[in-house]
2 protein chains.
Amino acid sequence: MTATILLVDDHSVVREGYRSVLEKQPGLRVIAEAGDGAEAYRLFKSETPDLVIMDLSMPGIGGVEAVRRIRQWDKAAKILVFTMHENAGFAVQAIRAGARGYVTKTSPPETLVRAVMDVLAGKIAISPDIDHELALSRISGESSAADVLTPREFEVLRLLLAENTTEEIAETLHVSPKTVANLHSLIKDKLGVGSDIELVRLALRQGILTQLDLGEA
Amino acid sequence: MTATILLVDDHSVVREGYRSVLEKQPGLRVIAEAGDGAEAYRLFKSETPDLVIMDLSMPGIGGVEAVRRIRQWDKAAKILVFTMHENAGFAVQAIRAGARGYVTKTSPPETLVRAVMDVLAGKIAISPDIDHELALSRISGESSAADVLTPREFEVLRLLLAENTTEEIAETLHVSPKTVANLHSLIKDKLGVGSDIELVRLALRQGILTQLDLGEA
DNA sequence: GCAACGTCGTGAAATTTTCCCGGCGCTGGC
DNA sequence: GCCAGCGCCGGGAAAATTTCACGACGTTGC
């Protein structure tokens, strides 16, 4: 019996690579491809593949959100995240959203194939480099923003990264600029950073902000 | 007569994709693959391929630097940059470094093949989305940091993004912290940004800072 | 030779950041 | 019911920073 697979990646040439690697394996068959999260969700519902291989950084709704939606529709869906981000933060987000595996694109093809088999067999598959990252992040004790911040603080953090002035943020939240400034200061304190620049770097590392979130130049 | 190609990308599965697409074309043959810039340089010298297809974001020496080195060794080298960055800033950097083409990974396989043929024929190949980006960046008039800043200012900008405190930067430059603060202020003025966070965002857009530059979490 | 510019630095004003405080509402024991 | 704890909102004042105006010095180019 052969397992059916849905490939999700916004780079067509990359999908070609997955396909080439996977179809060398007996028992695997790629039945559909999607270029963004929304399309992935649609195709999952219509094609009901046994496994989804999903990239994270995509236009429109990203990979994490796509994972969430698919799992909401089918609690048993098997989704393997396959991405360039060698970053513990992304892995945590993806797994929490419901992914059953996380493999980085730097991994050799065998690792991908192995992970595909493991996830199909009901196991959780995490590539060694990410295991290592996760261990490091535990040791280094860098506070995970999503954990130490209250919901409101996290909201302010997102806005700080996305919008421009304290006043604008105060307006969208309907609070006084003073409150935003206070929270801004409190956030930096909780995350243990001294400057705004460090704050942005931390946000990048933890995947709260992505290079792709930026508007066009 | 068939053209020989060197593939450079740190993701082996992605190289598999290039290969699969390219080898469907008669007259093209992939003779070598590299996973980082240094290896690319070595292989270029030993294999002397007709064309190099190069990713930008790679560990160690990045794609732009690899392009520069290869072109330094062989002024006539034909290098096609093929990357995920849909960003005018990166394209400008790559072309200035000596690349003969710039195609984004979101492009359909035909665009890549077309660009390969064009570069082999001695033409400059730029994918339509980047053409559009370049046009926009001209129109929007966003100051390119590399252009409006003096060398010293640019140096300080890089350090601001990389290091932490004003004092540290002052020390590495052997000037007073006050000078660094003054330049910091002047830089924000010249680039037309109001806050440090905006400054980092602009740096990300223009490729002065990359998500990959960050240390591990 | 001198005007223009980049670099470095001072000092003082203006603004922001930070810290400490109180108030309000909710939740979870007891 | 009552109180402790915590998240949330903001005021006020001290502390730090950002910003601005200014001068000095060397280089470059006309």
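Two exercises follow, each with a worked solution, on a predicted model.

**Exercise 1.** Work out the order of the strands in the open sheet of chain A, and find which strands lie at its edges.

*Solution.* Begin with the order, which for the 6 strands of this open sheet in chain A is β2-β1-β3-β4-β5-β6, with parallel pairing. Next, look for strands that pair on one side only: these are β2 (28-34) and β6 (125-126) of chain A, the edge strands. Then examine one pairing in detail, that of β1 (residues 3-8) with β3 (residues 51-54) of chain A, which run parallel and are joined by 4 bridges; in β3(A), Leu51(A) is the bridge partner of Ile5(A). Finally, add the helix α2 (residues 37-47) of chain A, which packs on the sheet and touches β1, β2 and β3 of chain A, while its direction makes about 135° with that of β2(A).

**Exercise 2.** Describe the interface between chain B and chain A by its contacts, its buried area and its salt bridges.

*Solution.* Start with the contacts, in which 46 residues of chain B meet 46 residues of chain A. The area buried between the two chains is about 4,000 Å², and carbon and sulfur atoms give 64% of that area. Now turn to the salt bridges, of which there are 2 between chain B and chain A; one of them joins the side chains of Lys24(B) and Glu16(A), at 3.4 Å from N to O, which fits the cut-off of 4 Å. There are also 10 residue pairs in polar contact, counting pairs with both residues at pLDDT 80 or more. As a last step, consider the side of chain B that touches chain A, to which α1(B) gives the most, with 8 residues; by class, this side has 20 nonpolar, 13 polar and 13 charged residues.

Conventions:
Residues are numbered from 1 along each chain as its sequence is written. Chains are lettered from A and ligands numbered from 1 in the order in which they are written. This is a predicted model: local features need pLDDT of at least 70, side-chain atom pairs count only at pLDDT 80 or more; totals for chains, interfaces and linings use all residues. Side-chain values use heavy atoms; hydrogens and water are left out. Two strands pair if DSSP finds at least two bridges between them. Helices (H or I, at least four residues) and strands (E, at least two) are DSSP runs, numbered from the N terminus. Contact means heavy atoms within 4.5 Å. Axes are lines fitted to C-alpha atoms, for helices over the stretch in contact, and angles run from 0 to 180 degrees between N-to-C directions. Buried area is the accessible area (1.4 Å probe) that two parts lose on being put together, summed over both. A polar contact is a pair of N or O atoms within 3.5 Å; within protein, one must be able to donate a hydrogen and the other to accept it, and residues adjacent in sequence count only if both atoms are side-chain atoms. Ala, Val, Leu, Ile, Met, Phe, Trp, Tyr, Cys and Pro count as nonpolar, Asp, Glu, Lys and Arg as charged, and the others, Gly among them, as polar.
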